[in-house]
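Dear colleague,

I am passing on a structure for you to look over, and below it you will find my notes on its salt bridges. Please read them alongside the coordinates when you have a moment.

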Amino acid sequence: MEDNKCPKPIRCKAAVCRAAGEPLVVEEIVVEPPKAHEVRIKIVCTSLCHSDVTFWRMKDFPGVFPRIFGHEAFGVVESVGEHVEGFAAGDAVVPTFLAQCGECPDCKSSRSNVCSKYRFMVRPGMPRDETTRFVDANGSPVYHFLGVSSFSEYTVVDVTQVVKVDPSLPPPTACLLSCGATTGVGAAWKLAKVEPGSSVAIFGLGAVGLAVAEGARICGASKIIGVDLNPEKQELGKKFGVTHFINPKELGEKTVSQAIIEMTDGGADYCFECIGLAALMSDAFQSSRAGWGKTIILGVEMHGSPLSIPSHEILHGKCVMGSLFGGVKPKDDIPILADKYLNKELELDKFITHEVPLKDINTAFDLLQQGKSLRCTIWMDK
């Protein structure tokens, strides 16, 4: 480990994406020392999230190449830059794509988790100066992703995006808290505030949708309805607390919203859209209960289409909520979720379906795109 007071550049391996949609290339890069307010992390393991795949495919801005993807990870602090407080070499940490500065009006308020000082943006550099900390073997710049870039043995992250965690957490589980599981569990726990005995409908049972189910389960929801076109998700969903399953292809003339309204005697108390399709967002809204139904939208509409909902239904007291990182404040709430896991309240191990070494990272992409994995752990040292 470097002398923490005078860190030097580090040569290491990273999986670099050179062009949109092309397989990643594991190559040697140089990771510069952390600047002021930055932390350099030795990544132990990382995992692949759908957001990585979305931006990996993207040819136009903010698709910038060459780039190091990855934002769901666990690691150990290797060194810190000037003015970094509360972190030291050896600390177990998870990086997050969302900042928490602790100083802005949003960070000081319980009503928001979106830091207004260091706003969430898909930028190619670091948040404070827009420059990169990576260069390739030829000395050319390699760009960041979400301020994390965890598909590298070492990375540099702004201190506002680093969360200290209990070192007894298993590394693959800690990865999940860095993004996917926290997004879904948080949407039920922090944002919707699902109550005991309530009814929940989840549109899309991918990793995030199943994390919503897990969150609804630990909140005490009595009816958790999963909606998915894949019949295999019926049995899988049961492991995460899903009590009822709807495959839209098997409903005949009946709409999904009609089926949910019948199952819940008037509509679900909470509906979560976890796919990113405007039509499903509308379906979710129409499946929610008049008077108090909440529809929580967890993803960006994948085609950029606007959301269209009947105005007279809003009049009946329903609402639609957006969700970034499940309403979770990273530094405050990730340690709480870690404790829930260690106390066996929150079950996370069932999300991890595969593991590969860094050299086989493209296998993780194949598995996710084929719908064969929920989360694939990518180990740096195996």
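Is aspartate 129 buried, partly exposed or exposed? With a relative accessible area of 31%, aspartate 129 is partly exposed; please keep in mind here, and in what follows, that this is a predicted model.

Aspartate 129 pairs with arginine 133 in a salt bridge, in which the closest N and O atoms lie 3.1 Å apart, and arginine 133, at 0% relative accessibility, counts as buried. These two residues also belong to a network of salt bridges that links Lys35, Glu38, Asp129 and Arg133.

The structure holds 23 salt bridges, and one of them joins arginine 18 to aspartate 136, again with 3.1 Å between the closest N and O atoms. Because arginine 18 sits in the loop between strand E1 (10-16) and strand E2 (25-31), while aspartate 136 belongs to strand E6 (residues 134-136), this pair ties together parts that are 118 residues apart in sequence. As for their surroundings, arginine 18 counts as partly exposed at 34% relative accessibility, whereas aspartate 136, with a relative accessible area of 5%, is buried.

A further salt bridge is found where the side chains of lysine 340 and glutamate 345 meet, at 3.7 Å from N to O; glutamate 345 counts as partly exposed, its relative accessibility being 39%.

With best regards

Conventions. Residues are numbered from 1 along each chain as its sequence is written. This is a predicted model: local features need pLDDT of at least 70, side-chain atom pairs count only at pLDDT 80 or more; totals for chains, interfaces and linings use all residues. Side-chain values use heavy atoms; hydrogens and water are left out. A salt bridge is a side-chain nitrogen of Lys or Arg within 4 Å of a carboxyl oxygen of Asp or Glu. Helices (H or I, at least four residues) and strands (E, at least two) are DSSP runs, numbered from the N terminus. Buried means under 20% relative accessible area, exposed over 50%, partly exposed in between (1.4 Å probe, protein chains only).
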